[in-house]
Amino acid sequence: QNIASTTMEYLVPFVSGGITVVGVKLVGNHMSPQLAAVIGAFPLGMISSSTITNLQRFGLYLHNYPIMLSCLLIAMGVYRYSFEKLGIPRSDALKRAIGTWAALAVVASKTIMRGTSHPN
């Protein structure tokens, strides 16, 4: 592969992720929080999985991805509960949610996820 094709191979997913983040901010701040949530839930992980060329690694990704989505949903619940029910300031509620996600990710990676944690 030449440098141009390698650059494009990584540039397209990078830009796609950036557009998703900017889209959430723009739509959430100026249009509809409902539409912002739809954009935020865009299945970027599913689409980007098409770039995993090794079929064995792709199969492992398909096993691990829903596990991590579950961790994310639980963390999102912590975020919402902390902010709405406990009245914790947004920045602190976000820290709690990210901490929850990180802890769940560590536990999941050491128990139910498959594959190695380092590339071969």
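**Pocket, packing and a few residues**

Colleague: Is Pro 43 buried, exposed or partly exposed?
Modeller: Pro 43 has a relative accessible area of 30%. Keep in mind that this is a predicted model. Buried would need under 20% and exposed over 50%, so Pro 43 counts as partly exposed.

Colleague: And where along the chain does Pro 43 sit?
Modeller: We've just put Pro 43 down as partly exposed. As for its place, look at the loop between helix 2 and helix 3.

Colleague: How many Å separate the C-alpha atoms of Pro 43 and Leu 86?
Modeller: Along the chain, Pro 43 and Leu 86 are 43 residues apart. In space, their C-alpha atoms are separated by 30 Å.

Colleague: Which helix gives the most residues to the lining of the largest pocket?
Modeller: The largest pocket holds about 1200 Å³ of space, and 26 residues line it. Helix 1 (3-30), helix 2 (33-40), helix 3 (44-48) and helix 4 (55-85) are the elements giving two or more residues to that lining. The top contribution is nine residues, and it comes from helix 4.

Colleague: Which residues lie nearest the centre of the largest pocket, and which class do they belong to, nonpolar, polar or charged?
Modeller: By class, the whole lining has 16 nonpolar, six polar and four charged residues. Val, Ala and Met count as nonpolar, while Gly counts as polar. Nearest the centre, then, are the polar Gly 40 and the nonpolar Val 24, Ala 36, Ala 41 and Met 76.

Colleague: How are helix 1 and helix 2 oriented to each other, roughly parallel or roughly antiparallel?
Modeller: Their axes lie 8 Å apart, and the packing angle is about 170°. An angle over 145 degrees counts as roughly antiparallel. Helix 1 and helix 2 are therefore roughly antiparallel.

Colleague: How many charged residues are in the contact of helix 1 with helix 2?
Modeller: On the helix 1 side you'll find Thr 20, Gly 23, Val 24, Val 27 and Gly 28. They meet Leu 35, Ala 36, Ile 39 and Gly 40 in helix 2. Sorted by class, the residues of this contact are five nonpolar and four polar, and the count of charged ones is: no charged.

Colleague: What does Thr 20 touch, leaving aside its neighbours within four places in sequence?
Modeller: Thr 20 lies in helix 1. Its relative accessible area is 15%, so it is buried. With those neighbours left aside, Thr 20 is in contact with Ile 39, Phe 42 and Leu 44.

Colleague: Over in helix 5, is Ala 93 buried or exposed, and which residues is it in contact with?
Modeller: Ala 93 belongs to helix 5 and counts as buried because its relative accessibility is 0%. From C-alpha to C-alpha, Ala 93 is 9.9 Å from Met 76. Leaving aside neighbours within four places in sequence, the contacts of Ala 93 are Tyr 79, Ser 82, Phe 83 and Ile 88.

Colleague: How far apart in space are Ala 108 and Phe 42?
Modeller: Ala 108 is found in helix 5 (residues 90-111), and at 5% relative accessibility it counts as buried. Neighbours within four places aside, Ala 108 is in contact with Ile 67, Cys 71 and Met 113. Ala 108 and Phe 42 are 66 residues apart in sequence, and their C-alpha to C-alpha distance is 23 Å.

Technical notes: Residues are numbered from 1 along each chain as its sequence is written. This is a predicted model: local features need pLDDT of at least 70, side-chain atom pairs count only at pLDDT 80 or more; totals for chains, interfaces and linings use all residues. Side-chain values use heavy atoms; hydrogens and water are left out. On a 1 Å grid over the protein atoms alone, a cavity is a set of points where a 1.4 Å probe fits but cannot get out, and a pocket is an open set with protein on both sides within 12 Å along at least five of seven lines; lining residues have an atom within 4 Å of a point. Grid points are joined across faces, edges and corners, and a volume is the space filled by probe spheres set on the points. Helices (H or I, at least four residues) and strands (E, at least two) are DSSP runs, numbered from the N terminus. Axes are lines fitted to C-alpha atoms, for helices over the stretch in contact, and angles run from 0 to 180 degrees between N-to-C directions. Angles under 35 degrees count as roughly parallel, over 145 as roughly antiparallel, 65 to 115 as roughly perpendicular and the rest as oblique. Contact means heavy atoms within 4.5 Å. Buried means under 20% relative accessible area, exposed over 50%, partly exposed in between (1.4 Å probe, protein chains only).
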